[in-house]
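Here is a short walk through one chain, from its ligand shell to the place where its domains meet. Keep the structure open while you read.

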Amino acid sequence: MSVNLTPRLSAAASLVRGGGIIADIGTDHGYLPVYLVQTGRVKGAIAADIGRMPLQNAAKAIEHYGMTDKISLRLSDGLCKFTPDDAQEFVFAGMGGTLIAEKLSETPWIKNKDLHFVFQPQSRAEDLRKFLFENGFCINKEIATHEGRRLYIAFDAVYTGETREFTYADCFIGELPRCEDAFKHLTHQVSRLREKHDAYMKCGRCDEAQELFETIKKIEGFIND
Ligand SMILES: C[S@@+](CC[C@H](N)C(=O)[O-])C[C@H]1O[C@@H](n2cnc3c(N)ncnc32)[C@H](O)[C@@H]1O
């Protein structure tokens, strides 16, 4: 019996390079590591979560699919119970971008050119991209997809040590492809930014409003280019 991933998790899985060990941080049901081991993409996996209940969910799936010799469980807040020798790839899927950035910022050893990171931020991807840009990471590829009416993005990154100049708009656009799902995702971000812009205008925070206005124009430029 094989695990079928939804488009959201499939997008994250497709960014995994494979061949080694992956750590799935915030695994919950454990489907991603089960899928990656089952399909032979990785040799083994560590399914990690901050909660005991999610780890129990993962344990059930791992047992159900007969993967107990290839996938281990780990109770960990972010990467705090990991070392860079534990895995070559680290996946963070289904958590907010702000939380992922916070967990990365607590872990100095992530600045290692041999490690590969896959992210599927559920919200505020701009906070995660900002962290990556400021800390010498390069985003390789982004994918936009949908499940019903819900839009999702996923991307992978490596540490290069080179910091780049970037605008706030770059934190929204990243390396998104020019496809319908990406445009819809960005259109949604623009409406969020418009609301914030209007709120700043109402309370007289004109400089911040102007900055947001410029960001909105740049994102709209990408959509309409
Ligand atoms: C929405 S689920 C995502 C499950 C799966 N990765 C997916 O994408 O379908 C988020 C999971 O992240 C876990 N989580 C939240 N904060 C965490 C942290 N600081 N460290 C590790 N796991 C965390 C939660 O317990 C939960 O199981």
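Let's start at the ligand: the shell around it divides into 6 nonpolar, 5 polar and 4 charged residues. In total 15 residues surround the ligand, and the closest are Gly26, Asp28, Pro54, Ala93 and Gly94. Keep in mind that this is a predicted model.

Asp28, one of the closest residues to the ligand, deserves a second look. Asp28 sits in the loop between β1 and α2, and its phi is positive, about 55°, even though it is not a glycine. Is Asp28 buried or exposed? Neither, quite: it is partly exposed, because 19 other C-beta atoms lie within 10 Å, and being buried would take 20 or more.

**Around β1 and α2**

Strand β1 covers residues 21–25, and 4 of its 5 residues are buried. On one pairing, β1 runs parallel to β2 (residues 44–49), with 5 bridges joining them; here Ile25 has Ala48 of β2 as its bridge partner. The other pairing to look at is with β4 (residues 89–93), again in the parallel sense, over 4 bridges. In that one, Asp24 is partnered with Val91 of β4. As a general reminder, side chains in a regular strand alternate between the two faces of the sheet.

Between β1 and β2 comes helix α2 (residues 31–38), and the three together make a right-handed β-α-β unit. How many of the 8 residues of α2 are buried? The count is 7, so the helix is largely enclosed by the rest of the structure. Those buried residues are Tyr31, Leu32, Pro33, Val34, Tyr35, Leu36 and Val37. Their cover includes α1 (7–14), α3 (52–64) and β3 (71–75), along with β1, β2 and β4. Just past the end of α2, Gly40 takes a positive phi of about 75°.

**Strands β5, β6 and β7**

Further along the chain the pairings are antiparallel. β5 and β7 pair that way over 4 bridges, with His116 standing opposite Val158 in β7. β6 and β7 are also antiparallel, and 10 bridges link them; Lys141 finds its bridge partner in Asp156 of β7. β6 and β7 form a hairpin with 2 residues between them, and Gly148 in that turn has a positive phi of about 60°.

That makes a handful of positive phi values to check, so here they are side by side.

| Residue | Phi (about) | Where |
|---|---|---|
| Asp28 | 55° | loop between β1 and α2 |
| Gly40 | 75° | just after α2 |
| Arg124 | 45° | loop between β5 and α5 |
| Gly148 | 60° | turn of the β6–β7 hairpin |

Arg124, like Asp28, is not a glycine. Its loop runs between β5 (116–120) and α5. Arg124 is partly exposed, because 18 other C-beta atoms lie within 10 Å of its own, short of the 20 or more that would make it buried.

**A look at Asp127**

Helix α5 holds Asp127. What does Asp127 touch, leaving aside residues up to four places away in sequence? The contacts are Gly97, Thr98 and Ala101. Asp127 counts as partly exposed because it has 18 C-beta neighbours inside 10 Å, where 20 or more would be needed to call it buried. For a sense of scale, Asp127 and Arg74 are 53 residues apart in sequence, and their C-alpha atoms are 26 Å apart in space.

**Where the domains meet**

The domain assignment splits the chain into domain 1 (7–165) and domain 2 (167–225). Their C-alpha centres lie 27 Å apart. Across the boundary, 12 residues of domain 1 are in contact with 12 residues of domain 2. On the domain 1 side, α5 (125–134), β6 (137–147) and β7 (150–159) each supply at least two of the touching residues. Which element gives the largest share? That is β6, with 6 residues. By type, the touching side of domain 1 divides into 5 nonpolar, 2 polar and 5 charged residues.

So β6 turns up in two places: paired with β7 over 10 bridges, and on the side of domain 1 that touches domain 2.

Conventions: Residues numbered from 1 in each chain as written. Predicted model: local features only at pLDDT ≥ 70, side-chain atom pairs only at ≥ 80, totals over all residues. Buried ≥ 20, exposed ≤ 12 C-beta atoms within 10 Å, placed from the backbone. Pairing = 2+ DSSP bridges. Right-handed = clockwise from strand over helix to strand, strands pointing away. Domains from an automatic or database assignment. Contact = placed C-beta atoms within 7 Å. Nonpolar A, V, L, I, M, F, W, Y, C, P; charged D, E, K, R; others polar. Near = placed C-beta within 6 Å.
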